[in-house]
Amino acid sequence: MVPTSPPVAAQLTWFEKTWQAFCRLVVRVFYRRFEVVGSENLPTGQGAILCANHVNALADAVVLQAATTKAIRPLARSGLFDNPILKPILGLIGAVPIYRRGDPGVDVSDNSATFRRCYELLAKGETLIIFPEGQSHDVPRLMALKTGAARMALETIQVTGSEPAVIPVGLTFPEKGQFRSSVLVQFGKPIDLTLSEQKTDEQRVIELTDRIRNGLEAITLNAESWDEVNLITRLERFFAFRHGKYRQRNLQQRLRAQQRLIDAQRLLRKYEPDRVRALISQLKQFEKVCRYCGVKDYQLNIEYRPMLIVLYLLRVIWMLLIVLPVVMWGVINSYLPYKLTEHLSLRFAKGPNQADTTKMVLGLGFFTIFWLVQSYLVYHNFGLIWMIAYILSLVVSSVVALMVRGEMRRIRENVRVFLLFLRRRDLKAYLQYKRQELEQELARMVRIANRLSHH
């Protein structure tokens with residue numbers, strides 16, 4: 001049966017709107033850079049299955065919800081519904097339980113009811129999230145995909161007559177586990193669901209799963225090891241500063257550059273292994289000298305003109321006299337919950353893929369408790385007006401502290417490097433010369449890789 005009119009998803013409930021606002025607040029606080037690409041690929045008036053890579057536990061679902069204004073229904077493993085804290089939240093956001101083979105006390109036959117529920121939601125124009133890898137992991141590449149997403153899409157067509165959009169979603173966390181790091185969300189092009197009628201149902205499921213994998217690979221960084229990720233990240237940053245100019249890149253551009261570098265270095269390792277080893281050794285030596293001197297790439301490109309020095313001094317004065325007191329007030333009031341979150345997250349997180357989730361949960365709990373207690377104490381001792389003023393000061397000072405986080409450290413580093421270059425005028429010229437040598441060798445390697453890729 002084919003629907004006579006396009007499905008229209010229900011209006012968001014008050015809780016769904018609150019949940020979306022909460023997710024955006026958490027993401028904006030936890031991540032310094034939050035970039036969303038490809039939102040135009042999300043359909044309107046059509047059910048959608050978002051197929052995302054799974055590298056950051058429950059934080060993945062929070063980031064995905066923050067990336068769209070749609071109410072999205074996550075497919076979550078059934079064990080999460082046994083958690084007394086998560087169960088009511090999962091129910092209010094319309095999460096659907098998935099019963100996984102191998103989980104203790106799980107009957108996988110219950111998935112028949114799960115799939116029927118998914119068919120109904122998709123036919124109504126709802127949006128589902130599924131993580132085809134099955135579980136969160138710490139591997140720097142896609143794991144083997146389960147066939148559930150493909151089966152769900154094809155069976156929805158068979159059962160309801162409506163075709164859902166299958167959207168690959170790439171989640172990239174360049175500094176996973178670090179507070180105030182970055183996250184990139186990329187919504188890929190919808191997967192083509194046209195399949196040969198000559199094939200069996202199982203063959204069609206396998207082919208569609210392969211297409212989903214290809215779509216995900218195009219928008220995720222797939223490296224063989226974390227050593228390779230480390231090398232590629234350093235090379236990409238090195239390229240960004242080449243020729244004495246910094247090329248500002250957004251997160252998507254950085255990911256694309258890293259993907260190209262992965263392909264290039266794999267070709268070169270196959271055909272020019274000695275040259276690759278020599279380049280890596282040269283790069284490590286350059287970085288070692290820079291670390292020993294305490295010099296960073298961007299500092300080699302600074303021209304210390306009088307006007308620049310005057311402007312920088314004015315900025316330092318502004319930071320010390322105006323900004324620093326505000327930041328210190330925020331630090332004083334947030335030090336204990338911050339340190340508790342930092343310390344206990346190391347104990348409770350079972351791996352890098354759980355670090356962000358653990359810090360989000362612990363931070364939310366500790367900051368809420370400490371700030372409520374502190375506000376109550378102000379109210380008890382000084383009255384309502386002072387409590388309101390205190391809460392406003394907490395918000396303002398915390399926002400300023402987040403905005404300038406790391407700025408004082410960078411000021412100290414820049415002043416120290418400036419004085420170092422004043423004393424050792426030959427050092428900057430030497431480092432620039434070594435960097436130029438590396439740039440030239442890298443350029444030659446890129447040309448070789450381009451030739452090899454066309455053969």
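**Exercise 1.** In which helix is the place of Leu-235? Also determine whether Leu-235 is buried or exposed, and list its contacts beyond its neighbours in sequence.

*Solution.* The model is predicted: local features need pLDDT of at least 70, side-chain atom pairs count only at pLDDT 80 or more, and totals for chains, interfaces and linings use all residues. Residues are numbered from 1 along each chain as its sequence is written, and side-chain values use heavy atoms, with hydrogens and water left out.

Step 1. Leu-235 lies in helix α7. Helices (H or I, at least four residues) and strands (E, at least two) are DSSP runs, numbered from the N terminus.

Step 2. The relative accessible area of Leu-235 is 10%, so the residue is buried. Buried means under 20% relative accessible area, exposed over 50%, and partly exposed in between (1.4 Å probe, protein chains only).

Step 3. Neighbours within four places in sequence are set aside; Leu-235 is then in contact with Leu-261, Leu-283 and Leu-442. Contact means heavy atoms within 4.5 Å.

Step 4. For the pair Leu-235 and Leu-261, the separation is 26 residues in sequence and 7.9 Å in space, C-alpha to C-alpha.

**Exercise 2.** Describe the surroundings of Glu-236.

*Solution.* Step 1. Glu-236 is also placed in helix α7, which covers residues 226–240.

Step 2. Glu-236 has a relative accessible area of 3% and therefore counts as buried.

Step 3. Beyond the neighbours within four places in sequence, the contacts of Glu-236 are Arg-249, Arg-254, Ala-257, Gln-258 and Leu-261.

Step 4. With Arg-254 there is a polar contact, side chain to side chain, at 3.5 Å. A polar contact is a pair of N or O atoms within 3.5 Å; within protein, one must be able to donate a hydrogen and the other to accept it, and residues adjacent in sequence count only if both atoms are side-chain atoms.

**Exercise 3.** Which way do the residues of strand β5 point, and how do β2 and β3 join β5?

*Solution.* Step 1. Strand β5 covers residues 127–130. Thr-127 and Ile-129 point one way, Leu-128 and Ile-130 the other way, and all are buried.

Step 2. Strand β2 (residues 48–52) runs parallel to β5 and is joined to it by four bridges. Two strands pair if DSSP finds at least two bridges between them.

Step 3. Strand β3 (residues 72–77) is likewise parallel to β5, with three bridges.

Step 4. Leu-128 of β5 stands opposite Ile-49 and is also the bridge partner of Arg-73.

**Exercise 4.** What is the sign of phi at Ala-57 and at Arg-180, and where are these residues found?

*Solution.* Step 1. Phi of Ala-57 is positive, near 50 degrees. Ala-57 is found in the loop between β2 and α2 (58–66).

Step 2. Phi of Arg-180 is positive too, at about 65 degrees. Arg-180 is found in the loop between β6 (165–172) and β7 (181–187).

Step 3. Most residues other than glycine have a negative phi.

Step 4. Ala-57 is buried because its relative accessible area is 16%; Arg-180 is buried because its value is 13%.

**Exercise 5.** How many helices and strands does the chain have, and what share of its residues counts as buried?

*Solution.* Step 1. The chain has 15 helices and seven strands.

Step 2. Of its 455 residues, 45% count as buried.
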